[in-house]
Every structure is written in structure tokens, then in C-alpha cells.
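Here is a quick tour for anyone meeting this structure for the first time. Take a look at the picture, then read on.

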Amino acid sequence: MHTYSQHYLPRLQAYQDELLQRLELLVNIDSGTGQVEGINQVMTYLEQWLSEAGFAVTLHDSAGFGHNLVARLKGKGEVRLLLVGHVDTVYSPGSVAVQPFEVRDGLAYGPGVIDMKSGVLMGMYALRALLDAGFEEFGELCIVFNNDEEVGSPGSASLLRKIARQVEAGLVLEASRSLEVVTRARKGADKYILEVEGVPAHSGAEPHKGRSAVIELAHKMIAIHNLNTLYPGVTFNVTRLSSSEPLNIVPDAARCHISVRAYTEEGLNMAAGALEKIVAGCSVPDTRARLVRMRGRTPYRATPEILHLVELVQEEATALGLVITAESKGGVSDANLLMEAGLPALDSLGPTGGGMHDLKREYLHVDSIPLRGALLAGLISRLCLSESTGQEQ
């Protein structure tokens with residue numbers, strides 16, 4: 001078994017100072033989903049750096065979200081690969097002023113530092129290590145950096161699906177919790193709106209004529225929450241409660257949102273059936289309920305093709321002294337979308353850290369970047385030097 005990762009590690013270590021300078025630049029730009037000015041500013045820097053590396057870069061505007069970036073570079077080999085990352089964060093405008101980029105005791109902090117601006121840059125520098133070493137044995141290297149992953153990639157999904165059909169494998173640069181962990185499966189997610197209609201009445205003069213939509217919804221929410229104990233691997237989360245507001249009127253309208261996640265499509269459909277039964281029942285007479293299902297991310301499953309990618313990255317990791325474990329995750333990413341498009345993809349190939357979606361806690365292990373970058377470069381080499389993504393060397 002021949003490995004390649006160890007050859008790229010010194011290059012990634014040499015790039016580290018420049019990478020961190022660029023990371024500080026990107027993290028210190030507010031780029032929450034929908035903050036178009038900041039998103040486009042980040043994309044402009046990425047466009048410049050990738051162009052300097054020899055990639056042909058195009059920007060694709062998405063209404064309300066800003067630019068998506070596509071970069072392509074043709075080589076002399078056969079295998080076409082897609083690297084995917086996002087530049088949007090979950091944070092509101094002004095977050096950089098509250099927690100600007102800083103490094104303390106080997107950890108970097110700042111909005112989006114691990115989710116996932118460091119992964120975006122690590123992917124770029126892993127490709128630079130390959131190119132600087134004279135590696136040309138790829139058919140095409142494609143990169144997509146999108147701007148709306150944190151809200152389910154509604155504007156960039158069609159672009160990702162289109163490019164997914166043009167390549168043999170996808171490599172997703174989301175962060176990992178450990179140097180020795182990648183992701184082989186993720187839950188799918190559906191969203192629901194549950195609306196209850198009651199009967200209004202004056203709450204002081206004739207409350208007996210009213211039928212409270214709020215109370216009916218409360219019964220249904222408790223029943224939905226109890227489903228968490230009935231279906232292993234399926235989760236139900238009730239949120240976003242609202243109702244009619246006059247204090248002297250028995251509420252005639254109430255609604256909530258429900259997030260359902262499962263590792264299989266069968267699990268999502270089983271959850272749909274259970275919710276429909278709850279909605280069909282009635283605890284407060286004369287109330288009516290309506291449930292609307294909105295399909296979200298398709299489950300990202302550990303197919304044989306994905307397990308082959310896991311085997312390759314495990315072998316490459318041995319050259320770096322790492323023992324890789326492939327995990328299943330409850331959170332979703334664009335790996336779900338690539339799976340839906342029929343593309344084998346390996347996820348969580350980025351650097352390590354934690355505290356995601358918490359401005360004061362989000363952090364990056366700075367020293368993980370060269371190691372995980374070398375691992376990514378080695379994996380790309382292995383894939384490209386095989387006759388196909390499904391055949392071992």
C-alpha cells in the first residue's frame with residue numbers, strides 16, 4: 001500500500017502562516033446567510049486567490065444570498081473530483097465587532113472560524129500543495145463554495161446538483177470534532193407546519209363558547225415530543241410557537257413548526273405517518289388541525305461507494321499516524337444534497353474544532369489545518385491515481 005499524505009504535510013506546514021493571515025481576513029467579514037455585501041466580499045477574495053492558483057473561476061449570483069463560486073482546473077488524468085464548502089455563517093450583522101478573529105493557546109476564535117471558513121481555505125491550500133508538487137493526474141478539479149448552506153442551500157442546490165453530475169466523487173470540507181473522524185452518513189430532515197383552528201369567544205363573558213386552539217396545540221405538541229421515545233434514530237423537535245394574541249379572546253388560531261430527522265427515507269416517512277395520526281385526533285372538541293410537510297435534506301447514507309472512500313482515507317491517514325473512524329451524524333450538510341444527486345461523497349474532511357453556532361465558543365484547532373490538509377491532498381492523489389473511484393490501486 002503506497003500512501004501520499006506524508007509528502008504533502010511539509011508543504012501545508014509551510015503555507016500555514018499565509019493561510020492564517022487569510023483566515024483572519026475572511027473571519028473578520030460578517031457573512032451571515034443573506035448578508036450579501038459580506039458574502040460577496042469573501043467570494044471576491046476567494047476568486048482572486050483561486051485565479052492566482054490557475055483555476056478558471058466563475059461567480060453565480062443567487063437572489064437574496066449573493067455570489068456562489070465555481071472554480072475549475074483541468075489536468076492530464078481521468079478522475080473528476082468536486083470539493084464543496086460554504087462561506088455563510090449563522091451569525092447576525094455586527095458579530096465580528098463582538099468577537100473578532102483571535103488566536104489564544106493554539107485555538108482560533110471568531111464567527112465562522114470552524115463553520116466553515118477554515119475548511120474553505122484548507123481545501124484551497126490542499127489543492128495548492130498538489131499543484132506545487134507538480135501533480136497533474138486528475139481529469140478535473142472542481143470547487144463549489146456556496147453562500148446559503150446554513151439555511152439548506154435553497155439558492156445553490158441546482159448549481160451543486162448540476163456539477164455533481166459532471167464528476168466521480170465529492171469531498172465535503174465541513175469540520176470534524178477530531179483529527180481521526182470523518183463522516184460517512186447524516187440524517188435527512190423534513191420540516192412541518194402544524195396549524196390549529198379553534199372557536200373564538202370572550203374569555204371573561206362566555207369562555208364556555210370558545211374552543212382554544214392553543215390548548216389543542218399543546219396536547220398535540222406533547223404527543224409529538226413523546227414520539228422521540230418510539231422511533232429509534234428519528235428525532236422530533238417542536239419550535240416557533242405562535243397564536244392569536246388578544247388576551248380577552250379564547251385563541252382561535254395557533255401554530256408550531258416541527259423538525260424531523262432520520263437516517264433513512266423510510267424513517268422520515270414513518271414519522272410523517274405518526275404526525276398525521278396525531279393531527280387527525282382531537283383533545284379539544286370542535287377544533288381542527290392542518291399539517292404541511294416540507295421536504296428538506298435527503299438522508300446521506302453509507303453506500304458501498306462511500307465506504308470505499310472511507311477505506312482510502314483510512315489508509316492515507318496511517319502515513320500521518322492517524323487512525324480514522326467514520327461516524328454517522330444527526331446534523332445535515334451539502335453532503336446530503338450530493339447524495340440526492342447520486343454522487344458518492346465523503347464529509348467532515350476539514351480541520352477540527354467545536355462550539356459551532358455559539359459566537360463566544362466557536363473555535364478552531366489551528367494545528368489541525370496542516371494535518372487534515374495533507375490527509376485531503378493524499379486522498380485526492382489516491383483517487384486520481386486509481387483507475388476509477390471504485391477500484392483500489
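Leaving out residues up to four places away in sequence, which residues does E47 touch? Keep in mind that this is a predicted model.

## Starting at E47

Setting aside residues up to four places away in sequence, E47 touches V57, L59 and L69. You'll find E47 in helix α2, which covers residues 36-52. Is E47 buried or exposed? Neither label quite fits: E47 counts as partly exposed, because its relative accessibility is 26%.

For a sense of distance, try jumping from E47 to K360. The two are 313 residues apart in sequence, and their C-alpha atoms sit 29 Å apart in space.

## The sheet next door

Now for the strands. Six of them make up an open sheet, running in the order β1-β2-β6-β3-β7-β14, with mixed pairing. The edges belong to β1 (56-62) and β14; each has a single partner strand, so one side of each has no neighbour in the sheet. Helix α2 packs on this sheet, where it touches β1, β2 and β6, and its direction makes about 15° with that of β2.

Zoom in on one pairing: strand β2 (residues 66-74) and strand β6 (residues 140-146) run antiparallel to each other over six bridges. Within it, L73 stands opposite L141 of β6. As a general point, strands of a sheet pair through backbone hydrogen bonds, either parallel or antiparallel.

## Two nonpolar cores

In soluble globular proteins, nonpolar side chains tend to be buried together. Here, the largest nonpolar core holds 72 residues, and the members touching the most others are Y8, L46, L50, F55, F145, L376 and I380. Helix α4 gives this core its largest share, with 12 residues.

What does Y8 touch, not counting residues up to four places away in sequence? The list is A129, L130, A133, F135, A374, A377, G378 and S381. There is also a second, separate core of 23 residues, with C256, A262, A274 and I278 among them.

## Helix α8 and its neighbours

Helix α8 takes in residues 304-318, 15 residues altogether. From its first C-alpha to its last, α8 reaches 22 Å, close to the 21 Å expected at 1.5 Å a residue.

Which residues of α8 are buried? They are I306, H308, L309, V310, L312, V313, E316 and A317. The buried residues of α8 have several packing partners: the helices α1 (5-27), α9 (334-340) and α10 (368-385), plus the strands β8 (181-186), β13 (325-329) and β14 (345-346).

## Backbone oddities

A few spots in the backbone deserve a second look. One is the peptide bond from D115 to M116, which is cis, with omega near -10°. M116 belongs to helix α4, residues 113-132.

Two more spots involve phi. S348 has phi near 60°, a positive value in a residue other than glycine, and it lies in the loop between β14 and β15 (353-354). S348 counts as buried because its relative accessible area is 0%, under the 20% cut-off. H357 also has a positive phi in a residue other than glycine, near 70°, and sits in the loop between β15 and β16 (363-365). With a relative accessibility of 47%, H357 counts as partly exposed.

Note on methods. Residues numbered from 1 in each chain as written. Predicted model: local features only at pLDDT ≥ 70, side-chain atom pairs only at ≥ 80, totals over all residues. Heavy atoms only, no water. Helix = DSSP H or I, 4+ residues; strand = E, 2+ residues; numbered from the N terminus. Expected span 1.5 Å × (residues − 1). Buried < 20%, exposed > 50% of the residue type's maximum accessible area, 1.4 Å probe, protein only. Contact = heavy atoms within 4.5 Å. Pairing = 2+ DSSP bridges. Axes fitted to C-alpha atoms, helices over the stretch in contact; angles between N-to-C directions. Core = buried A, V, L, I, M, F, W, Y, C linked by side-chain atoms within 4.5 Å.
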